[in-house]
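Here are my notes on this model, in the order I'd go through them with you. Keep the viewer open while you read.

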Amino acid sequence: MEFIETLISGLSMGSTYAMIALGYTMVYGIAKMLNFAHGDIIMVGGYMIFVTMTAIGNPILGLIAAVLFCMLLGVTIEKVAYKPLRGASPLAVLITAIGMSYLLQSTAQMIFGSAPKMVIVADFGNLQLGELKIPIYTLITLGCSFVIMIALSLFIKYTKVGRAMIAVSEDKGAAQLMGINVNGIITITFAIGSALAAFAGFFMLMKSPSLSNTLGAMPGIKAFTAAVIGGIGSIPGAMVGGVLMGVVEAFSLNVSAIAPYTDAIEFLILIIILLVKPTGILGKVRREKV
Amino acid sequence: MLKLGNAKLKHYINYIAIAIVTLVFGGISLSGSLPFSTINLLEKIAISIILATSLSMVVGFLGELSLGHAGFMCLGAYIGGKASCLLEPVFGNSIVSLIISLIVGGTVAAVFGIIIGLPALRLKGDYLAIVTLAFGEIVRTVFMNSSSESFGGSLGLSTPRYDKKYLFIIAFVLVIICLAVIQNFIRSKHGRAITSIRDNEIAARATGINVTKYKLSVFTISSLFAGIAGVLYSYSNYRVQSVNFDYNYSIEILVMVVLGGMGSINGAIIAATLITYLDTTLQTVLTGNLAVLQDLFYALILIILVIYNNAPSLKTFRTTHNLKSILNKFSKHDPSHRRDDEAKWDRVPTKIEMNEVLSVDIQPTSSTLNPDKKEGK
Amino acid sequence: MSDIILKTENLGISFGGLKAAQNVNIEIRKKQLYGLVGPNGAGKTTIFNMLTGVYQPTTGKFYLDGEDLTGKGQEFINHKGIARTFQNIRLFNNMTVINNVMVGLHNLPEFKCNFFESIFRLPRFFKTEKAMRKKARELLKIFDLEEERNNLACNLPYGKQRKLEIARALATNPKLLLLDEPAAGMNPHETEDLVKTVKYIRDHFDMTILLIEHDMKFVAGLCDEITFLNFGTVLAQGETKAALNNPEVIKAYIGG
């Protein structure tokens with residue numbers, strides 16, 4: 001019984017990670033950069049939900065506001081900080097992204113203070129199935145993220161924009177020659193990634209209502225780890241990696257002897273995977289042109 | 001070598017400046033009139049300089065990003081601190097136990113540098129950054145959850161004190177040693193090999209440079225000094241707590257390197273001094289929620305400096321408006337003509353402007369213009 | 001037979017299903033100027049990449065001076081004596097011209113100086129640095145680059161960058177020099193100059209040179225022997241004039 005409960009909690013956590021990892025992986029695939037600030041978009045989404053809920057009190061409106069605001073923020077960050085560096089060294093882009101992450105965190109702390117805010121989105125209680133006790137929010141998280149991921153996959157596979165995204169991730173130059181607006185595609189990618197981050201923020205607040213300016217930092221890094229494990233740039237890879245990460249975390253937290261080392265274990269998995277198979281589980285080998 | 005010409009002097013100016021600072025403050029300190037806060041600040045500055053110059057080797061010269069520098073420092077602080085605790089009953093609180101702890105702490109950090117440097121041979125750029133970040137977090141978590149007898153757990157490890165009058169002098173001597181090692185290493189054929197890897201790894205390999213060996217040695221030396229800085233930290237603070245060595249600390253060191261101008265050791269020294277000074281003085285001014293202003297400031301420095309120095313569209317602006325060309329306007333010195341190379345053989349660029357350093361994922365921008373594009377796929 | 005420097009035996013590579021090169025047999029004698037010719041996508045650079053260890057051949061072997069170097073690493077192959085230039089110039093852009101060449105000198109046995117000696121500035125460090133510097137200047141002089149030795153490599157004009165790349169490759173003291181489209185993007189004057197330089201290198205250093213080129217005139221004026229490739233296979237091989245007049249070659253170039 002406990003096994004199933006842990007598994008479900010792991011799957012729910014994992015699907016949240018998968019949502020974040022999708023943002024990382026899409027941006028990496030298309031803009032060829034590690035968007036370090038992605039995790040902090042989650043935090044911004046969280047604060048947006050907090051602001052809307054104190055003003056209006058409706059969590060769904062809060063989610064909508066968060067999604068819209070995060071999309072706008074993600075696109076703005078891309079235009080202001082990353083776009084000028086297109087064609088510059090990846091090291092420069094990476095450092096700028098780190099700076100962005102830092103900037104978002106400190107701005108949030110300036111506005112909202114360093115004390116954590118309590119945001120009780122909704123209390124759904126538990127689902128009792130015989131001896132099985134499952135918190136309802138895990139089911140909501142699982143269901144929602146499942147739907148979102150299916151929708152995203154369909155979007156990428158069957159719409160014109162989605163196919164353009166694949167083209168840009170394969171070869172930016174060639175895509176441009178085929179008349180694809182590469183800048184537009186990058187903007188859309190950032191918008192989608194940030195929207196997913198806002199959803200992830202909502203799910204995380206459902207799980208634990210404490211909101212601070214570092215809400216997104218750790219999950220962000222873990223989700224990136226998940227994206228790498230799944231093979232960065234690969235959308236199914238991000239989903240698999242995220243879920244794997246969540247399940248490992250849930251089971252590790254469940255064993256008291258290793259529970260405090262959970263973070264270390266997850267990072268160790270990352271290091272091992274990168275050593276054994278740097279392209280991740282579903283990643284493609286990228287050959288360097290000589 | 002014997003004649004210290006103008007250019008030679010330039011190479012040694014940093015040693016001289018640091019030696020003068022050490023002598024001046026050391027003299028004041030020995031006469032007993034140096035306030036405690038100044039001593040503390042000097043210790044912190046020395047630690048920051050060691051950290052910044054050693055990270056500068058990895059980021060500025062090798063062109064790889066390490067986000068785990070604080071992790072190596074953490075290792076040095078705990079292991080060196082523990083060593084000094086164990087040595088205290090044997091040697092008392094003497095310079096002997098300080099030196100042994102420095103060696104132990106530094107060596108352990110260096111060994112882990114090799115261990116974490118091994119993936120560096122296969123990974124580049126973003127991947128390496130994330131691996132070093134993960135390493136830093138692992139180190140922190142492990143020490144955080146250690147038993148109270150071994151490393152003090154979350155409360156931290158209490159470490160022996162050393163006479164405050166002398167500690168900062170020792171710290172500055174270490175700064176000079178660190179500087180000498182890193183600078184001499186960089187200004188040698190080995191340094192040239194390292195910069196060549198940064199500039200174009202493929203060409204470096206084709207030219208016969210042993211990329212693996214050099215990446216590993218840079219990582220090892222860099223983590224050795226991070227470990228030494230950690231041991232100094234333990235002596236300076238008497239308590240080592242793993243919370244202090246988080247990822248934000250690694251970023252702060254990175255800010256020093258970026259602010260100093262990547263690939264410039266003197267820049268890193270100045271930036272480390274400046275930021276540490278600001279850190280301690282602002283701590284008293286900006287209290288409570290205002291303290292965050294400092295982080296905000298760092299973040300802006302990082303973003304603005306990096307965009308300014310690297311944005312392709314600002315390239316012409318940079319070349320026409322940089323400090324050097326402005327100065328040249330006044331001195332009427334023709335920049336296209338340089339003096340003889342004898343003194344400048346170790347010239348290193350102050351700004352990274354590489355397009356192919358982390359080249360696994362970068363698409364050549366001119367690929368569409370390349371007539372023989374299909375070749376070599 | 002002993003004067004054969006490079007010999008490939010059925011060298012071939014495939015990426016997935018695509019056979020980028022197959023059954024390539026080349027023999028290059030000492031001091032020869034050998035051309036690798038063919039249309040775009042014929043697999044010329046791929047062969048260079050195999051010979052320098054960037055790609056591992058899927059079939060066949062190659063020998064340098066009788067030694068099997070198949071499947072060895074890039075650094076190792078360079079140490080054994082194959083140096084190359086790149087189609088899209090790859091210089092150490094943020095290093096000075098002379099430092100570019102000095103990186104090439106890095107592994108020569110006469111310029112040994114270990115970490116310890118460098119860090120502690122022992123006498124050998126100064127001796128080595130001085131000797132390297134002298135040697136690098138000599139090399140730069142040959143390529144008419146001595147004046148620019150303290151400029152950053154990225155600030156050189158295109159033609160000089162090409163030359164610098166050759167100088168850097170030569171600095172590694174190779175037995176065989178691979179030039180990947182050395183005349184690409186050069187104007188007729190520069191090309192003429194390059195022909196002279198390449199010949200000079202051959203005579204002065206007793207160098208064997210294998211080069212890739214598109215420009216038929218350039219090839220005809222320079223190479224003793226060529227191999228003509230098309231779609232990864234050898235179409236014609238042998239003495240330059242004869243090979244270029246091979247009907248298969250004419251067909252491949254003009255189409256028919």
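1. Among the elements of chain B, helix H9 (residues 211-237) has the highest mean pLDDT, 94, while helix H14 (residues 323-331) has the lowest, 59. That score is the predictor's confidence in each residue, from 0 to 100. Helices (H or I, at least four residues) and strands (E, at least two) are DSSP runs, numbered from the N terminus. Chain B averages a pLDDT of 80, and 82% of its residues score at least 70. Residues 332-377 of chain B fall below 50, and beyond near neighbours in sequence this stretch has 92 contacts in the model. Two residues are in contact if their C-beta atoms, placed from the backbone, lie within 7 Å. Where pLDDT is low, the predicted coordinates should not be read in detail.

2. Some housekeeping. This is a predicted model, where local features need pLDDT of at least 70, side-chain atom pairs count only at pLDDT 80 or more, and totals for chains, interfaces and linings use all residues. Residues are numbered from 1 along each chain as its sequence is written, with chains lettered from A and ligands numbered from 1 in the order in which they are written.

3. Now find helix H4 of chain A, residues 90-112. Its 23 residues reach 33 Å from first C-alpha to last, close to the 33 Å expected (1.5 Å times one less than the number of residues). Is H4(A) mostly covered or mostly uncovered? Mostly covered: 19 of the 23 residues are buried. Buried means 20 or more other C-beta atoms within 10 Å of a residue's own, exposed means 12 or fewer, and partly exposed is in between, with C-beta atoms placed from the backbone. Right after H4(A) comes A:Gly113, with a positive phi near 80 degrees.

4. Most residues other than glycine have a negative phi. Two in chain C go the other way: C:Arg121 has a positive phi of about 50 degrees, and C:Glu181 one of about 45 degrees. C:Arg121 sits in the loop between helix H4 (115-119) and helix H5 (123-142) of chain C, and it counts as partly exposed because it has 14 C-beta neighbours inside 10 Å. C:Glu181 is in the loop between E8 and H7 of chain C; with 23 other C-beta atoms within 10 Å, C:Glu181 is buried.

5. Chain C splits into domain 1 (1-81 + 174-256) and domain 2 (93-173), with bounds from an automatic or database domain assignment. Their C-alpha centres lie 27 Å apart. Twelve residues of domain 1 are in contact with eleven of domain 2. On the domain 1 side, H7(C) gives the largest share, four residues.

6. Where chains B and C meet, 37 residues come from chain B and 45 from chain C. On the chain B side, H7(B) gives the most, seven residues.

7. Last, the largest nonpolar core: a set of buried Ala, Val, Leu, Ile, Met, Phe, Trp, Tyr and Cys residues joined through C-beta atoms within 7 Å. Which of its 282 residues touch the most other members? They are A:Cys70, B:Ala46, B:Ile50 and B:Leu302. Helix H8 (residues 182-207) of chain A supplies the largest share of this core, 16 residues. Leaving aside neighbours within four places in sequence, the contacts of B:Ile50 include B:Leu174, B:Phe225 and B:Ile228.
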